[in-house]
Each structure stands twice: as structure tokens, then as C-alpha cells.
Amino acid sequence: MTTISILGGTGHEGSGLGLRWAKAGHTVIIGSRAAEKAQAAAVELNAKLGVEAVRGLDNVSAALAAEIVVLTVPYSAHVSTLESVREAVQGKIFVDVTVPLVPPKVSRVQMPAAGSASQEAQNLLGPNVKVVTAFQNISAEHLKDSDHPIECDVLVCGDDKEAKTVVIQLAADAGMKAWDAGPLANAVVAEGLTSVLIGLNARHKVKSSGIRITGIDR
Ligand SMILES: NC(=O)c1ccc[n+]([C@@H]2O[C@H](COP(=O)([O-])OP(=O)(O)OC[C@H]3O[C@@H](n4cnc5c(N)ncnc54)[C@H](OP(=O)(O)O)[C@@H]3O)[C@@H](O)[C@H]2O)c1
């Protein structure tokens, strides 16, 4: 079992992932800009779990305390959060869930100059950090009820094969089928797909469309 810190884990996506990983037996640390907010989020998750499996810290302390660090903040907070934890995450697996949405046109794909949010993360954190991207296509609606089966697949991109294997297992622990979707350069597809799904959600009046890979034995 692993210690996983979720920066911005007080929000929708991060708290859902934290709930599921804690239920699977991992030690989960919720990170926040404010330690008290993280602690309050941890209390809520522990109440749902019925055990003390989650604690809360400020983002930098959370990043220092875990082997695997997950980032779930809005794109507007991406660079500032990365800069704040750059030293703390050296040598670690860093899972970037951020989608580079540019409100108000969130159903239009708008990639940053670096090519993708995760490429931006790799550039900023440096080569000693194993940046892997995952979960961009999983709506928080699916995550928040830990008994709800998730039928959507996860695309995992990154340049370190072992790190991707770890994240694929973490997805399985949280109840999702994940696929090695190639190098970090391919993350542009997973990040862009989220805008496509947001558009589908709006047109079909649903909250949580997703994708599923077919044609391969599962
Ligand atoms: N929600 C979904 O269904 C979903 C699905 C797939 C991917 N994503 C992606 O996952 C990421 C998180 O989404 P979310 O819905 O969980 O976001 P959220 O709930 O709006 O925000 C998550 C956390 O980010 C921190 N944050 C917010 N504004 C910030 C700022 N200006 N500076 C620094 N930190 C800030 C807050 O934590 P503190 O105040 O505690 O610091 C907040 O609780 C986004 O990039 C999103 O595109 C979301």
C-alpha cells in the first residue's frame, strides 16, 4: 500500500479519488493551500469511510509526505501550484489530472503553448520528476460514491513505463480500467477529450459521459 497525496484534494475530483484510494487501503493525504481546509476535508472523507485513513496538510507538506503526488486543481492554478511544490516532488511520481480548460468556452479544446498541461508540468518540474497523466476523462460524479461502478476507461500517458504501471494499478484500485496510452506527448489527446465530453454532457443533458476502449480483451 502506498501513501498518496492529492494537491487540491479538497475539490470535486481529488476528494473522489482520495475516497476510493483510501477505501482500497492506501494512506491518503489531502493537500490544500490552507491546512485547516485540508483537515476538514479529511474529516469528511473519514466519516464516509468509517475509518481514519485520510489526513490533511498544506500542499507543500503533503507533497513532501508522499511517494506519489496527484494534482487536481483548476488550470488557472496549475503553474502556481506546480511552482510551490517543485522542490518537494523531486524524484517522485507526479500524476497530473489537470485539464487546461479556458472558461467560458470549456467545450472547446484550447491547449497551452507547451502542448498540454502535463507537458507544462514536466517542463516546470524538471526531468527528475516522473510526470504521468490520468483521470482527465473521469467525471467527479462517478468518483464520489465509492460503491458506484465506473464504466469509463482511463488513458495513462507518460515517459516512464514503471511509473505508468503504478498509476494503472492505482486506477484499478479505485475501480477503473486504465490503459497505457503512450508517451507524455499523447496527453494532449486525453486532455482534449475532456472538452469533447463536456460538450456531449451539455448536448445530451447528462453529467458524466466517458470513454471506453474496445477491441482488446479486458
Ligand atoms: N470535476 C470533474 O469532474 C473533473 C473531471 C476530470 C478532470 N478534472 C480536472 O481536475 C482538476 C480539478 O477539478 P475539480 O473539479 O476538482 O476542481 P475544484 O473542485 O474547482 O478545485 C479543486 C481545488 O483546487 C484548489 N484551487 C481552486 N482554485 C485555486 C487557485 N486559484 N489557486 C490554487 N488552488 C486553487 C482548491 O483547493 P484549496 O482551496 O483547498 O487549495 C480546490 O478545492 C481540474 O483541472 C479539472 O479540469 C475535473
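1. Start with the charge over a ring: in this predicted model, Lys177 sits over the face of Trp179, 4.4 Å from the ring centre.

2. Next, the aromatic pairing. The count comes to one pair. Its partners are Trp21 and Phe135, with ring centres 5.8 Å apart; their planes meet at 70°, which is over the 60 degrees needed, so the pair is edge-to-face. Worth a look on the chain trace: the pair links distant parts of the chain, 114 residues apart. Trp21 belongs to helix α1, while Phe135 is in the loop between β6 (130-133) and α6 (140-143).

3. Are these two rings buried or exposed? Trp21 has a relative accessible area of 0%, so it is buried. Phe135 comes out at 1% and counts as buried too.

4. Both residues turn up again in the largest nonpolar core, which has 35 residues. Trp21, Val95, Phe135 and Met176 are the ones with the most contacts inside this core. Elements giving at least two residues each include the strands β1 (3-7), β2 (27-32), β4 (68-71), β5 (93-96) and β7 (154-158). The helices α1 (12-23), α2 (35-49) and α7 (161-173) do likewise.

5. Another core lies apart from that one. This one has 18 residues, and among them are Val69, Leu82, Ala88 and Val131.

6. Back to Trp21 for its surroundings. Leaving aside residues up to four places away in sequence, Trp21 touches Ile4, Ile6, His26, Val28, Val70, Phe135, Leu170, Asp173 and Ala174. So if you open one side chain in the viewer, I'd pick Trp21, given its 0% relative accessible area and its place among the residues with the most contacts in the 35-residue core.

Terms used
Residues are numbered from 1 along each chain as its sequence is written. This is a predicted model: local features need pLDDT of at least 70, side-chain atom pairs count only at pLDDT 80 or more; totals for chains, interfaces and linings use all residues. Side-chain values use heavy atoms; hydrogens and water are left out. A nonpolar core is a set of buried Ala, Val, Leu, Ile, Met, Phe, Trp, Tyr and Cys residues joined through side-chain atoms within 4.5 Å. Buried means under 20% relative accessible area, exposed over 50%, partly exposed in between (1.4 Å probe, protein chains only). Helices (H or I, at least four residues) and strands (E, at least two) are DSSP runs, numbered from the N terminus. Contact means heavy atoms within 4.5 Å. Rings of Phe, Tyr and Trp (its six-membered ring) pair if their centres lie within 6.5 Å; planes under 30 degrees apart count as stacked, over 60 as edge-to-face and the rest as tilted. A charge sits over a ring if NZ of Lys or CZ of Arg is within 6 Å of the ring centre and within 35 degrees of the ring normal.
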